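Please open the structure in your viewer and keep the selection tool at hand. The stops below say what to select next and what is to be found there.

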Amino acid sequence: MGSAPDTSGSDTSASETADPVPKLRLDELLEELQTRLDAARGTRDRVHSLLEAVLAVGRDLELAQALQHIVEAAVTLVDAEYGALGVIGEDQRLSQFIPVGVTDDQVKLIGDLPSGHGILGELIRHPEPLRLSRISDHPASYGFPANHPPMGSFLGVPIRIRGKVFGNLYLTEKRGGGEFDAEDESVLATLAVAAGVAIDNARLYDRARQRQRWLAASAEVTSSLLSGSAEQEVLDLLLARAMEITGADLAVVAVPPAGTGELEVRVAVGLGAEEHRGLVLPVEGSLMGAVLRTGGLVVSPDVQKDPRITAGPPRFRGLGPALAVPVGTAERGIRGVLLLARAAGTSLFEEDESGPLLGFAGQAAVAMELAERRRDSEQVALLRERDRIARDLHDLAIQRLFATGMTLQGATRFIDHPEATDRVLRAIDDLDETARTIRATIFGLRLRERGPAAAGLRTRVVEVVERAARALGFTPALRMTGLLDVTVPAEIADAAVAVLEEALSNAARHAGAGAVDVTVTAGEELALRVTDDGIGLPGGGRRSGLANLADRATALAGTFTARARPEGGTELLWRVPLPGA
């Protein structure tokens, strides 16, 4: 039998020529599978990171923390070097800007944070996702300020809350030098939706806390009112709580004195308060005057540049957003105006802050009304006491003086010595003069005038001094002698009150005094003297407004002098003759 042919060599050769192709295809398939697995794993990890970020921002109830965490999550998700969240204000500019990736030192070197120009403003004007390979290529870009880190690639998406754009997320500089892609945009848009929900929840929580704080403050003020606290104490408490809750840096309360068409600043607390105390402002040309004209709240984005403020000295340095509300209602009468202002560069007053503030300011009106009713009650009690004193003087003192005079007059015929008779007659004359003085006093006690002078000159002088104490920071010393309510005619009394108001206002604004003395004397003339221990008169020897005091004296045939005191300070002396003296 012949041997079978040897085919092993040919089988080996065929195997060697057939195996490489399936092996290469298998390697390619395995490599492609690995790539897809890596991509799937990357997508899974990114989705997992996105879900973690959504859950993280959703847990924040404090608005400031929520905004910060949203930016940090955005930077991590799209692998950006820098990120920021800009909150859009009522004026369609950025009211807040929260950056991530920039150090505090860099922020200081850059200066003011963006307000919404360039690419940032483009996203405000057109709230749609915006992706750029280079920021400088966009027509709206106009470069960066000095000391700003270089930024190339850009990705921005809007954050919407209940259909309204709340702000924008800005991401720049994709790590590794690449560009942001469609997947980055999709991830960031998804985070923006979750951010909108988280921000809305944080705002609702913040509003609930604010309402709770307003209610607690209202209860505190109500307790103070019911306990009989003085008007000034209640107003001070109101301002303190209003500033604390709204984050204001200045609070001012001004009242409109009846029939003057002006506003007098009653209380001022906070940044630059000394520039407001004692001011008398016209209704036209002031922000608080605009409240009186409209009867509602007035908002200003920048109180330093508000065109409605044209009257009065510069007084809002370092301040920006402001809000003024009426104290009282148009139906029951506006008793004053409350103004709150925040430091320049801070957030504007939002609409949800004005509602509680209007109700809170209404309590200031209640405080003023209660104080007025209390003053009226005290005035009625004072008048009743005056009537009692007048009756006692008339029924007892005058009758006894008259009886004593009659007794002495009858006894003169039993006196033989001429000098003794003369002395008794002089005593009788003194008794008659004393009786006339008491009658004049009784007339003054029973005086019932109507209008501005109803309280009498003495009371009006006391009221002027008490009002001046708020602007001076202390109560001036006051001395009054003579029959001010009886011998001083209404015209002279009105002029004297105006002179005293002007003199005390000058002392509060210009003198820098630590003590002020007021003396009012009625005899043959009405003399009004005001002295202080301040800086004295300026080099020219006169101060603005003193000419008015001299004119008032001249119009009543009187005199006015202003001089520097040797021991320091100023002395003003206003004298007018009294008729019949």
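## A helix across three strands

In this predicted model, begin by selecting helix 11, residues 456-472, which lies across strand 12, strand 13 (516-522) and strand 14 and runs at about 170° to strand 12.

Now add the sheet to which these strands belong: an open sheet of five strands in the order 12-13-14-16-15, with mixed pairing. Strand 12 (477-481) and strand 15 (559-564) stand at its edges, and each has a single partner strand, so one side of each is left without a neighbour in the sheet. Neighbouring strands here are turned by 10° against each other on average, when direction is ignored.

Within this sheet, select residues 525-532 and residues 570-577, which are strand 14 and strand 16, and follow the eight bridges over which they pair in the antiparallel sense. To find one of these bridges, pick Ala 527, whose partner in strand 16 is Arg 575.

## The whole chain

Before moving on, show the whole protein chain, which holds 14 helices and 16 strands. Of its 581 residues, 41% are buried. If only contacts between residues at least 6 apart in sequence are considered, 61% of them join residues at least 24 apart.

## Two helices side by side

Next, select residues 63-77 and residues 182-226, which are helix 3 and helix 6; they pack at an angle of about 170°, with their axes 10 Å apart. With that angle, helix 3 and helix 6 are therefore roughly antiparallel to each other. On the side of helix 3, the residues to display are Leu 63, Ala 66, Leu 67, Ile 70, Ala 73, Ala 74 and Leu 77, while helix 6 contributes Val 187, Leu 188, Leu 191, Ala 195, Ile 199, Ala 202 and Arg 203. Sorted by class, the residues of this contact are 13 nonpolar, no polar and one charged.

## A second sheet

Turn now to another open sheet of five strands, with the order 2-1-5-4-3 and antiparallel pairing. At its edges stand strand 2 (94-100) and strand 3, each with a single partner strand, so one side of each is left without a neighbour in the sheet. From one strand to the next, the twist averages 15°. Adding residues 118-125 brings helix 5 into view, which lies across strand 1, strand 2, strand 3, strand 4 and strand 5, and runs at about 145° to strand 5.

Select strand 5, residues 164-174, where eight of the eleven residues are buried, so this strand is largely enclosed by the rest of the structure. Strand 1, residues 80-88, runs antiparallel to strand 5 and is joined to it by seven bridges, and one pair to look for is Gly 83 with its bridge partner Leu 171 in strand 5.

Strand 4 also pairs with strand 5 in the antiparallel sense, over eight bridges. Moving along this pair, you can pick out Phe 154 opposite Thr 172, Val 157 with its bridge partner Leu 169, and Arg 160 with its bridge partner Val 165. The two strands form a hairpin with two residues between them, and Arg 162 in the turn has a positive phi of about 55°.

Is strand 4 itself largely enclosed or left open? Seven of its eight residues are buried, so strand 4 is largely enclosed by the rest of the structure. Strand 3 pairs with strand 4 in the antiparallel sense over three bridges, and Arg 131 has Leu 155 of strand 4 as its bridge partner.

## Ser 153, the last stop

Finally, select Ser 153, in the loop between strand 3 (130-132) and strand 4 (154-161). Is Ser 153 buried or exposed? With a relative accessible area of 4%, Ser 153 is buried, because buried here means under 20%.

Which residues is Ser 153 in contact with, leaving aside its neighbours within four places in sequence? They are Leu 132, Ser 133, Ile 135, Leu 171, Thr 172, Glu 173, Lys 174, Gly 178, Glu 179 and Phe 180. For Lys 174, zoom in on the backbone nitrogen, which lies 2.9 Å from a polar atom of the Ser 153 side chain.

Conventions: Residues are numbered from 1 along each chain as its sequence is written. This is a predicted model: local features need pLDDT of at least 70, side-chain atom pairs count only at pLDDT 80 or more; totals for chains, interfaces and linings use all residues. Side-chain values use heavy atoms; hydrogens and water are left out. Helices (H or I, at least four residues) and strands (E, at least two) are DSSP runs, numbered from the N terminus. Buried means under 20% relative accessible area, exposed over 50%, partly exposed in between (1.4 Å probe, protein chains only). A polar contact is a pair of N or O atoms within 3.5 Å; within protein, one must be able to donate a hydrogen and the other to accept it, and residues adjacent in sequence count only if both atoms are side-chain atoms. Contact means heavy atoms within 4.5 Å. Two strands pair if DSSP finds at least two bridges between them. Axes are lines fitted to C-alpha atoms, for helices over the stretch in contact, and angles run from 0 to 180 degrees between N-to-C directions. Angles under 35 degrees count as roughly parallel, over 145 as roughly antiparallel, 65 to 115 as roughly perpendicular and the rest as oblique. Ala, Val, Leu, Ile, Met, Phe, Trp, Tyr, Cys and Pro count as nonpolar, Asp, Glu, Lys and Arg as charged, and the others, Gly among them, as polar.
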